Amino acid sequence: MHEGSSVGELAERLRMDLDRYPPGGKLPSSRALVERFRVSPVTVSRALARLAAEGLVVTRPGAGAFRARPHGPAAPAGDTSWQEVALSADGTADLVPRTVDASGVTVSLATPPPGVLEFSGGYPHPCLQPERAMAAALARAGRRPGTWGRPPLEGLPELREWFARGIGGAVTAAEVLIAAGGQSALATALRALAPPGAPVLVESPTYPGMLALARAAGLRPVPVPVDPDGVRPALLADAFRASGARVFVCQPLFQNPTGAVLAPDRRAEVLRIARAAGAFVVEDDFVRRLAHADAGPLPRPLAADDPDGVVVHVGSLTKATSPSFRVSALAARGPVLERLRAIQVVDSFFVPRPLQEATLELVGSPAWPRHLRALSAALKTRRDAMTGALAHHLPGLALPHVPSGGYHLWVRLPDGADDSVLTAAALRAGVALTPGRPYFSAEPPAAHLRLSFAAVAGTAEIAEGVRRLRAACDEVFPGRAAPGGPDGPPPRPVSAR
């Protein structure tokens with residue numbers, strides 16, 4: 001069992017046992033709890049810390065843990081109704097909205113209820129994360145001289161150099177800023193490149209977090225359709241002319257959610273179109289390190305082939321490490337770099353130096369390439385398991401593209417289906433899904449689901465999750481997604497581009 005789930009289960013059992021002790025009464029020793037529940041001392045320590053944070057337990061170093069004494073009578077509830085007026089007054093005149101719809105983001109960040117399989121997750125399962133390597137890197141970084149001091153505002157020079165080498169081309173360390181995760185870097189880029197009220201071109205469909213960022217900055221997302229070869233250049237040119245936009249945000253490699261890779265003949269065309277429009281291309285290279293074992297050589301980032309400063313590049317380590325390992329790079333050439341730097345400094349000063357030092361320790365260790373190889377193989381195995389299970393149990397769901405990188409599949413539902421209704425039915429059946437509607441900035445052409453194969457514990461959970469999805473489909477649109485009897489037809493071949 002994973003350590004995190006063990007901590008939660010032990011905390012719940014201790015919570016239920018608290019009534020056996022009087023207020024102020026001492027709980028069994030940590031050693032006794034280890035022997036009784038057959039867990040590690042670390043699990044006991046974390047479970048007690050969780051109860052202490054809830055105010056149920058008091059821990060005293062050297063003395064043990066005690067049941068907390070009851071607090072005095074609760075303070076009367078205040079009246080916050082005045083805030084409704086304060087927060088909404090003159091809101092219609094705001095160029096930058098004060099309310100943000102984060103529902104499309106939280107669905108991939110929220111933890112499903114116990115017993116529910118997570119096909120909605122936006123990060124790899126802990127078993128796919130380099131936890132030991134990160135812990136060792138953090139420990140080594142903590143012993144480095146100066147680790148707890150103030151870093152350079154742009155980031156540690158060695159880390160900037162590492163990111164610059166990864167981008168390639170003529171990009172130098174001087175053109176790289178260290179940022180606190182890809183989402184933060186994208187927010188900085190959008191604020192730097194477009195004023196409130198301006199249009200911004202986005203792929204359609206695209207990552208809901210990017211749409212939320214654009215709207216939070218007061219920008220108007222304008223969709224440009226994507227096919228299996230990436231954004232369509234002719235439509236991109238049309239969108240620039242029609243909207244007057246000066247920014248296009250794209251994910252050229254393993255696009256979220258379609259998994260598309262921008263075709264070689266489109267790469268130069270996209271840059272040419274943007275340059276002709278006097279516009280920037282924000283390249284969100286979020287998942288480069290999640291290529292599958294059969295992906296073959298990857299295309300370089302667009303920034304590597306851009307001598308004119310058209311591309312503002314965002315690269316992140318978070319997807320390949322941990323949700324809490326929030327380190328990314330912003331790379332740009334020309335005067336825009338100073339604007340990016342100024343906004344980032346005002347917003348966050350700098351990325352904490354211990355995290356930057358730990359990043360250097362991690363990517364410079366032999367464990368890093370080993371982790372990337374293991375992750376690449378595991379993602380391919382999981383992708384094949386999910387595509388095979390869908391073909392066997394739900395052949396009525398269309399899978400137009402099987403990606404060779406990333407952590408999810410983009411599935412089209414039968415005509416007339418409602419993705420929100422199916423998502424609710426699937427949750428009742430015990431599997432959490434991500435509906436496709438939030439991925440479109442305008443009306444979607446059809447109903448879709450994004451199914452993550454990386455957020456669950458392994459292929460057995462993938463198979464079980466698809467069986468639960470089959471039950472939900474039978475409830476919502478019987479016979480339309482799974483013809484051929486209870487077991488469906490034999491599996492169809494699985495292929496990847």
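**Figure 1. A salt-bridge network links Arg140, Arg144, Arg353, Glu357 and Glu361.** The model is predicted, so local features are given only at pLDDT of at least 70 and side-chain atom pairs only at pLDDT 80 or more, while totals for chains, interfaces and linings use all residues. Residue numbers start from 1 along each chain as its sequence is written, and side-chain values use heavy atoms, with hydrogens and water left out. A salt bridge is a side-chain nitrogen of Lys or Arg within 4 Å of a carboxyl oxygen of Asp or Glu. By this rule the structure has 28 salt bridges. One member of the network, Glu357, belongs to helix 13 (residues 353-363); helices (H or I, at least four residues) and strands (E, at least two) are DSSP runs, numbered from the N terminus. Glu357 counts as buried because its relative accessibility is 5%. Buried means under 20% relative accessible area, exposed over 50%, and partly exposed in between (1.4 Å probe, protein chains only). Beyond its neighbours within four places in sequence, Glu357 is in contact with Ala141, Arg144, Thr147 and Leu156, where contact means heavy atoms within 4.5 Å. Glu357 and Leu138 are 219 residues apart in sequence, yet their C-alpha atoms are 7.8 Å apart in space.

**Figure 2. Three salt bridges, each between two residues, join Asp384 to Arg383, Asp415 to Arg412 and Arg467 to Glu464.** In the pair Asp384 and Arg383, the N to O distance is 2.9 Å. Arg383 is buried, with a relative accessible area of 2%, whereas Asp384 is partly exposed at 25%. For Asp415 and Arg412, the closest N and O atoms are 3.4 Å apart. Asp415 is exposed at 57% relative accessibility, and Arg412 is partly exposed at 34%. The side chains of Arg467 and Glu464 meet at 3.2 Å, N to O. These two residues are separated by about one helical turn, because Arg467 and Glu464 are three residues apart in helix 16 (residues 459-476). Arg467 is partly exposed at 41% relative accessibility, as is Glu464 at 27%.

**Figure 3. Glu283 is buried and has no salt bridge.** Glu283 is part of strand 9 (residues 280-285). The nearest side chain of opposite charge is that of Arg288, 5.1 Å away; for charge, Lys and Arg count as positive and Asp and Glu as negative, while His and the chain ends are not counted. A polar atom of the Glu283 side chain lies 3.2 Å from the backbone nitrogen of Ala303. Residues touching Glu283, not counting those up to four places away in sequence, include Cys250, Pro252, Pro301, Val311 and His313.

**Figure 4. Val171, Glu175, Ala303, Asp306, Val311, Ala331, Ala332 and Arg333 line the largest cavity.** A cavity is a set of points, on a 1 Å grid over the protein atoms alone, where a 1.4 Å probe fits but cannot get out; lining residues have an atom within 4 Å of a point. The volume of the largest cavity is about 70 Å³, taken as the space filled by probe spheres set on the points, with grid points joined across faces, edges and corners. The structure holds three cavities of 30 Å³ or more. Two of the lining residues, Ala303 and Val311, also touch Glu283.

**Figure 5. Helix 9 (residues 208-216) is mostly covered, with seven of its nine residues buried.** The buried residues are Pro208, Gly209, Met210, Leu211, Ala212, Leu213 and Ala214. They pack against helix 5 (103-109), helix 8 (182-193), strand 5 (199-204), strand 6 (220-227) and strand 8 (247-250). Pro205 sits in the loop between strand 5 and helix 9, and a cis peptide bond with omega of about 0 degrees joins Ser204 to Pro205. Just after the helix, Gly218 has a positive phi of about 80 degrees.

**Figure 6. Arg38 and Phe349 each have a positive phi without being glycine.** The phi of Arg38 is about 55 degrees, and its place is the loop between helix 2 (30-37) and helix 3 (41-53). Arg38 is exposed, at 77% relative accessibility. Phe349 has a phi of about 65 degrees and lies in the loop between helix 12 (336-348) and helix 13. With a relative accessible area of 55%, Phe349 is exposed.

Methods. A polar contact is a pair of N or O atoms within 3.5 Å; within protein, one must be able to donate a hydrogen and the other to accept it, and residues adjacent in sequence count only if both atoms are side-chain atoms. On a 1 Å grid over the protein atoms alone, a cavity is a set of points where a 1.4 Å probe fits but cannot get out, and a pocket is an open set with protein on both sides within 12 Å along at least five of seven lines; lining residues have an atom within 4 Å of a point.
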